[in-house]
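Work through the three exercises below with the coordinates open. Each task is followed by a stepwise solution.

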Amino acid sequence: MPATAGLAGACFQTGSTINVPDAYADPRFNQQWDVTNNFRTRNILTMAVEGKSGKRIGVMQVLNKIGRRFEAIDEERLHAFAAQAAIAIENAELFGEVISARNYNESILGSMSNGVVTINAFGNIEKINAAALAIFGGEELDYMGTDANTWLARDNEWLIEELSTMRGEGVARTLLDVDVTIPGGDSKSLNISIVPLIDQDGDDNGTLMLVEDITGEKRLRGTMSRFMTKEVADKILDDGEDSLAGSRVNASILFADLRGFTSLSEQLGARGTVAMLNEYFGEMTDAIFNWQGVLDKFIGDSIMAVYGAPIEGDRDADNALASAVEMKQILTRLNAVRAERNEEPLNISVGIATGEVIAGTIGSAKRMEYTVIGDCVNVAARLENLTRYYGADIIVSEDTLEQAKVSVLNRELDLIRVKGRARPGGIYEILGHHTEETFPNMEAVLHHYQAGLTAYRQRNWDQAIAEFAAALAAHEDDRPSQIYIDRARVFKESPPPDDWDGVWTMTSK
């Protein structure tokens with residue numbers, strides 16, 4: 001129903017409590033609801049649900065009080081209930097569970113499914129829900145009316161102090177990953193939100209505790225959700241925690257780096273830099289998760305992602321390539337938005353390598369980090385660095401293209417031997433994200449470039465220079481063509497040895 005319709009709409013628009021003793025006598029009441037449900041609404045009390053800032057976020061209604069109309073005491077009770085609902089909603093937003101209007105109601109229900117304990121102004125437990133009972137144990141009757149301090153006294157003095165501080169200051173407190181001793185002596189790891197309950201006159205009406213149990217599987221799932229998709233996390237949990245133990249796997253590693261970050265951060269200042277990175281990382285993380293990637297870590301303004309660990313698939317290389325292309329496409333859209341805000345455009349470079357890595361979870365019981373190590377990781381990082389030298393956006397290893405099931409538009413850049421690695425390998429530029437504007441006359445450029453590369457490796461320096469020059473004539477900013485012209489001119493004057501294999505050795509990382 002529209003937010004302007006009926007008694008609910010009138011209450012939502014004005015924020016005023018509407019107490020109607022005879023619903024059918026009020027023209028705002030929509031009788032069609034009764035007709036549809038074969039119901040008879042006699043009296044009705046409607047009240048707005050408002051957040052701490054006073055913003056209206058919903059409406060509550062109670063119907064058909066037996067025997068008489070709703071009175072002032074009923075309005076007070078409904079106001080207290082609406083205040084708790086508002087707290088639940090705002091806490092859901094605090095934990096990032098409300099991310100769109102589409103899942104608005106689901107997030108509220110998710111918050112309320114956590115443990116809820118209400119403590120009245122006298123310090124006694126007034127309500128404890130089933131989820132809280134599952135966390136703390138016991139029956140509801142064991143808690144109702146008991147002193148909260150007595151309940152928490154066993155090894156939880158710090159929590160009593162937190163409750164006292166919150167009530168003294170009147171400011172909500174959030175305690176993440178704290179150990180609480182429950183009746184019986186066991187300890188559980190919990191996330192706790194402590195929120196003051198304030199009545200309509202601004203007086204202390206007690207305390208609300210929202211409790212989330214992150215012990216065991218919840219801790220593991222919460223940790224994994226920070227760096228992998230829900231589907232991957234669910235599969236790991238189905239397979240057991242052994243999936244996160246050390247193992248050798250074949251995976252594709254992606255490094256993405258924000259170009260010109262130092263100068264950009266100096267322009268933006270601290271707040272602007274943080275806001276920009278949060279927006280940028282949010283968009284890039286979507287491009288990783290969309291293709292079953294695992295977010296390994298943020299390194300300053302860089303991103304490291306893994307495809308194929310902890311769960312190997314037959315399309316890991318394809319997914320890494322697709323993520324890289326999507327990153328560039330997303331960045332184009334993001335830059336359009338930034339241009340409307342008169343902000344500088346962002347640009348990224350991406351390197352991808354594929355090979356065997358050691359994967360596993362490293363850390364303590366309370367803080368884990370899933371990561372991969374190995375030569376392949378170092379190669380991916382160095383390929384990302386090479387994008388500046390070759391003037392390319394995305395550079396991938398030969399192994400990545402060989403393992404990909406789907407052909408992608410690319411060109412061979414070089415045969416290189418990176419510093420610290422004896423075996424040479426081919427590297428390729430991925431071109432699928434380019435448009436005519438970003439890479440003009442691509443077909444002609446690639447034709448002359450390939451002919452020039454063939455001539456170069458056959459030591460036909462003059463022909464190579466001519467073909468690469470033709471490529472530059474079609475696209476004057478084609479950096480790889482200029483690199484080969486410079487090399488060919490050097491070799492024309494000082495030819496390489498007879499056993500020259502066309503490999504270019506990189507002398508720096």
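The exercises cover a sheet, a single arginine and the nonpolar cores of this predicted model.

**Exercise 1.** Determine the strand order of the open five-stranded sheet, its edge strands and the helix that lies across S4, S6, S7 and S8.

Solution.
- Step 1: The order is S5-S4-S8-S7-S6, and the pairing is antiparallel.
- Step 2: S5 (125–128) and S6 (173–181) each pair on one side only, which makes them the edge strands.
- Step 3: Ignoring direction, neighbouring strands are turned by 25 degrees against each other on average.
- Step 4: Inside the sheet, S4 (residues 115–119) pairs with S8 (residues 204–213) over five bridges. Here Gly-115 stands opposite Val-211.
- Step 5: The helix is H8 (residues 157–169), and it runs at about 155 degrees to S6.

**Exercise 2.** Decide whether Arg-338 is buried or exposed, and list its contacts beyond four places in sequence.

Solution.
- Step 1: Locate Arg-338 in helix H12 (residues 316–340).
- Step 2: Its relative accessibility is 3%, and buried means under 20%, so Arg-338 is buried.
- Step 3: The contacts of Arg-338 are Met-276, Glu-279, Glu-343, Glu-344, Pro-345 and Leu-346.

**Exercise 3.** Describe the largest nonpolar core and find which helix gives the most to it.

Solution.
- Step 1: The core has 40 residues, and Ile-253, Val-372 and Tyr-456 have the most contacts inside it.
- Step 2: Helix H13 (residues 375–390) gives the most, with seven residues.
- Step 3: Take Val-372: residues it touches include Ile-253, Met-304, Val-306 and Val-377.
- Step 4: Another core, of 35 residues, lies apart from the largest one, and Leu-295, Ile-330, Leu-331 and Leu-346 are among its residues.

How values were computed:
Residues are numbered from 1 along each chain as its sequence is written. This is a predicted model: local features need pLDDT of at least 70, side-chain atom pairs count only at pLDDT 80 or more; totals for chains, interfaces and linings use all residues. Side-chain values use heavy atoms; hydrogens and water are left out. Two strands pair if DSSP finds at least two bridges between them. Helices (H or I, at least four residues) and strands (E, at least two) are DSSP runs, numbered from the N terminus. Axes are lines fitted to C-alpha atoms, for helices over the stretch in contact, and angles run from 0 to 180 degrees between N-to-C directions. Contact means heavy atoms within 4.5 Å. Buried means under 20% relative accessible area, exposed over 50%, partly exposed in between (1.4 Å probe, protein chains only). A nonpolar core is a set of buried Ala, Val, Leu, Ile, Met, Phe, Trp, Tyr and Cys residues joined through side-chain atoms within 4.5 Å.
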